[in-house]
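Colleague: I am new to this one. Could you walk me through how to read it?

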Amino acid sequence: MIFGSIIGYAANNLTLSSASAHPGDTVTFSIAMQNTDSPVAFQVMLPMLGSFQYVPGTAMLNPDRSNGHQVTAMVVNDTLRIYSYSLSLQPYQGNQGTLMTFRAVVGNLPGQYAIPLEGVKLSSANGTAIGCTTQSGMLTILAPQIQLGQSTIDYGHNPIRSTYNRSLTIRNTGTEPM
């Protein structure tokens, strides 16, 4: 007698796109899903931490993946919370591609900011949780930033009409040249 088993593995992954822009610019982020299961709803939380501000009313589902789904996006305690669901319990169409997009205004402090997908949940039609992996996005804010080696220069006591020199170090710690 030969015994065997087949183990099925479902791979579901949510990915946040990356963006780069200058302070105050508006960028569009997308959330994509690659899935082998058939989720009917998802939730995602994105900490903003001053790197961007959500533009209210800009969360839009991709009509190629939506199957009568709704989307809600709101900011609570500097975290963008996104919920998408189907009242008729229909799964998202297809197995890969963009689920939704939203717009954000870029913050002022230059740098690279990881934007993790937190609190991610996928749900099946019967309400059970579906396993999911995530891939964070990255926001690069493009601008120079001056950093001084010291904030004051002390010339000490020097005779009048004498020559004296002091140095001041200025560095650019930003993401673009000055």
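Modeller: Happily; we will look at a sheet, a surface patch and some aromatic rings. Keep in mind that this is a predicted model.

Colleague: Let's begin with the sheet. In what order do the five strands lie?

Modeller: The open sheet runs E7-E8-E4-E11-E12, with antiparallel pairing. Strands E7 (70-76) and E12 (129-130) stand at the edges; each has a single partner strand, so one side of each has no neighbour in the sheet.

Colleague: How many bridges join E4 and E8?

Modeller: Six bridges link strand E4 (residues 41-47) to strand E8 (residues 79-85), in the antiparallel sense. To find one of the contacts, start at Pro47: its bridge partner in E8 is Thr79.

Colleague: Now the surface. Which residues make the nonpolar patch?

Modeller: Ile146, Leu148, Ile153, Tyr155, Tyr164, Leu168, Ile170 and Met178 make it, and the patch covers about 780 Å².

Colleague: Is Leu168 buried, exposed or partly exposed, and why?

Modeller: A residue counts as partly exposed when its relative accessible area lies between the 20% and 50% cut-offs. Leu168 has 40%, so it is partly exposed. You will find Leu168 in the loop between strand E15 (146-148) and strand E16 (170-172).

Colleague: And the rings: how many aromatic pairs are there?

Modeller: Rings pair if their centres lie within 6.5 Å, and the count here is four aromatic pairs. One of them is Phe29 with Phe52, a tilted pair with 5.7 Å centre to centre and 50° between the planes. Phe29 sits in strand E3 (residues 26-34) and Phe52 in strand E5 (residues 52-54), 23 residues apart, so this pair links distant parts of the chain.

Colleague: Are those two buried or exposed?

Modeller: Both Phe29 and Phe52 are buried. Ring pairs also join them with Tyr54 and Phe102 in a cluster.

Notes:
Residues are numbered from 1 along each chain as its sequence is written. This is a predicted model: local features need pLDDT of at least 70, side-chain atom pairs count only at pLDDT 80 or more; totals for chains, interfaces and linings use all residues. Side-chain values use heavy atoms; hydrogens and water are left out. Two strands pair if DSSP finds at least two bridges between them. Helices (H or I, at least four residues) and strands (E, at least two) are DSSP runs, numbered from the N terminus. Patches are made of residues with over 30% relative accessible area and no salt bridge: like charges are joined within 9 Å, nonpolar side chains (Val, Leu, Ile, Met, Phe, Trp, Tyr) within 5 Å. Accessible areas come from the Shrake-Rupley method with a 1.4 Å probe; for residues, only the protein chains shown count as cover. A salt bridge is a side-chain nitrogen of Lys or Arg within 4 Å of a carboxyl oxygen of Asp or Glu. Buried means under 20% relative accessible area, exposed over 50%, partly exposed in between (1.4 Å probe, protein chains only). Rings of Phe, Tyr and Trp (its six-membered ring) pair if their centres lie within 6.5 Å; planes under 30 degrees apart count as stacked, over 60 as edge-to-face and the rest as tilted.
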